[in-house]
Amino acid sequence: MTKDWKTRTKLVHEGSRRSQYGEMAEAIFLTQGFVYPTAEAAEARFLKAGDDEFIYARYGNPTTRMFEERIAALEGTEDAFATASGMAAVSGALTSMLRAGDHVVSSRALFGSCLYVLEEVLVRFGVKVTFVDGTDLDQWRAAVTPGTKAVFFESMSNPTLELIDIESVSAIAHAAGALVICDNVFATPIFSRAVEQGADVVVYSTTKHIDGQGRALGGVVCASREFIRKTLEPYMKHTGGSMSPFTAWIMLNGMATLDLRCRAMAEAAAVIAAQLQGHPKLEKVIYPGLPSHPQHRLAMAQMGSGGTLLAFDIKGGKEAAFRFMNALEIIKISNNLGDAKTIVTHPTTTTHQRLPQDQKDLLGITPGLIRLSVGLEDSSDLLADLTAALSA
């Protein structure tokens, strides 16, 4: 299909396949295997499957392939591989390319499960990992050496919304011959241009904005065709981390409204952040779209938006944070994000609970910190709910 289409057109049509019945909606091919017309055809397909030929659902499926082609077109990569969850995408992207003795440099501000993969899993198998303050380019320069195999970072960190300068970090990594792997969940494929800015591999938890309605777990790795098919695919298909066809169908349907949803969420997030800033019950409001954010200029240059999430630190610590959360009526308490429903999360007791206190302190994950993922409700209703709960 044409690559000249605009984003919203790609999100509706890219990668579409139709069976002999000419269905309008994308079909779900709920099959674990495929029938070959002859024994010779089966042999030929196992030797080399064609672009639209499939062997086994763990290796690929027509519905899953539609989703992979659509997200790759949106992200601007040659190919993509859909996975069972966001963490299957993160761990698969890293583990498929690394072996004992390899060196990885990573930003320190990461989601708890990402930290587990880097600190526990990779190290256990002999991979050396160096953590840096991702906002400090001098630390990247000092840590990345000619022997570094990859760098890894969240383009916007969870939950404190620090940004990585993708272009600068990518230049440092590429000068040393390292691959750049970017977890792009918070930035979303709508606002981020990570590949254009230097990332080689972009990872998403499609559970978040891409599904956008809290229905299914999923992930995807977007990269060059060589990385996807020669490095990642053999690892994923033999270890079983591929996405199910039913989930791929859900993600395809989610993508049709992705641009509309992300822009509406970000618009509401900007309004809410501006209104909450300076509230007497809050120590601070963190939102990259606010001029008060220390990386506001980078956010505008890199994304053109502050994104769909904000965070704020409630005076009074955990006790006050819990009172606030329990007083909310519209906004739900959960650990998901990117949903049509607005969600609050208390990272220090949930998503980042396993981190030692000194690491929480280093990352700025305080007892009063609340992460707010803005949904599709009316922003005035959300503000009223937040304000009333803060009064509690």
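# Cavities, pockets and helix contacts

Biologist: Which residues line the largest cavity?
Modeller: Ser-107, Arg-108, Ala-109, Gly-134, Thr-135, Glu-154, Ser-157, Glu-162 and Ile-164 line the largest cavity. This is a predicted model: local features need pLDDT of at least 70, side-chain atom pairs pLDDT 80 or more, while totals for chains, interfaces and linings use all residues. Numbering runs from 1 along each chain as its sequence is written, and side-chain values use heavy atoms, without hydrogens or water.

Biologist: What counts as a cavity here, and what as a pocket?
Modeller: On a 1 Å grid over the protein atoms alone, a cavity is a set of points where a 1.4 Å probe fits but cannot get out; a pocket is an open set with protein on both sides within 12 Å along at least five of seven lines; lining residues have an atom within 4 Å of a point.

Biologist: How many cavities of 30 Å³ or more?
Modeller: Three cavities reach 30 Å³ or more by this rule.

Biologist: What volume has the largest cavity?
Modeller: The largest cavity comes to about 40 Å³, a volume being the space filled by probe spheres set on the points, which are joined across faces, edges and corners.

Biologist: And its lining by class?
Modeller: The lining of the largest cavity has two nonpolar, four polar and three charged residues. Nonpolar means Ala, Val, Leu, Ile, Met, Phe, Trp, Tyr, Cys and Pro, charged means Asp, Glu, Lys and Arg, and the others, Gly among them, are polar.

Biologist: What about the second largest cavity?
Modeller: The second largest cavity has a volume of about 40 Å³. Its lining consists of Val-185, Thr-188, Pro-189, Tyr-204, Ser-205, Lys-208, His-209 and Ile-210. By class, four of the residues lining the second largest cavity are nonpolar, three polar and one charged.

Biologist: Which elements supply that lining?
Modeller: Helix H8 (188-191) and strand S6 each give at least two residues to the second largest cavity. Helices (H or I, at least four residues) and strands (E, at least two) are DSSP runs, numbered from the N terminus.

Biologist: Pockets next. What volume does the largest pocket have?
Modeller: The largest pocket holds about 920 Å³ of space. It is lined by 37 residues, with Gly-50, Asp-51, Arg-65, Arg-229 and Glu-233 nearest its centre.

Biologist: Which elements give two or more residues to it?
Modeller: Helix H2 (39-47), helix H3 (62-75), strand S1 (79-83) and helix H9 do so for the largest pocket. H3 has the largest share of that lining, with six residues.

Biologist: How does the lining of the largest pocket divide by class?
Modeller: The largest pocket has 16 nonpolar, six polar and 15 charged residues in its lining.

Biologist: And the second largest pocket, what volume?
Modeller: The second largest pocket has about 430 Å³. Of the 23 residues lining this pocket, Met-87, Phe-111, Asn-158, Ser-205 and Lys-208 are closest to the centre. Helix H4 and strand S6 (201-205) each contribute at least two residues to that lining. The class split for the second largest pocket is eleven nonpolar, eight polar and four charged.

Biologist: You listed Asn-158. Which residue follows, and what is the peptide bond like?
Modeller: Pro-159 follows, and the bond from Asn-158 to Pro-159 is cis, with omega near 10°. Pro-159 sits in the loop between strand S4 (148-154) and helix H7 (166-175).

Biologist: What about phi at Leu-161?
Modeller: Leu-161 has a positive phi of about 60°, although it is not a glycine. Leu-161 also lies in the loop between S4 and H7.

Biologist: Back to H3. At what angle does H3 pack with H10?
Modeller: H3 and helix H10 (residues 245-255) pack at about 35°, with axes 8 Å apart. Axes are lines fitted to C-alpha atoms, for helices over the stretch in contact, and angles run from 0 to 180 degrees between N-to-C directions.

Biologist: Which residues meet in that pair?
Modeller: On the H3 side, Thr-63, Thr-64, Met-66, Phe-67, Arg-70, Ile-71 and Leu-74 meet Pro-245, Ala-248, Trp-249, Met-251, Leu-252 and Met-255 of H10, with contact meaning heavy atoms within 4.5 Å. The H3 and H10 contact has ten nonpolar, two polar and one charged residues.

Biologist: And H11 with H15, what angle?
Modeller: Helix H11 (residues 258-276) and helix H15 (residues 379-391) cross at roughly 35°, their axes coming within 10 Å. Ala-268, Val-271, Ile-272, Gln-275 and Leu-276 of H11 make the contact with Ser-379, Leu-382, Leu-383, Leu-386 and Leu-390 of H15. By class, the H11 and H15 contact has eight nonpolar, two polar and no charged residues.
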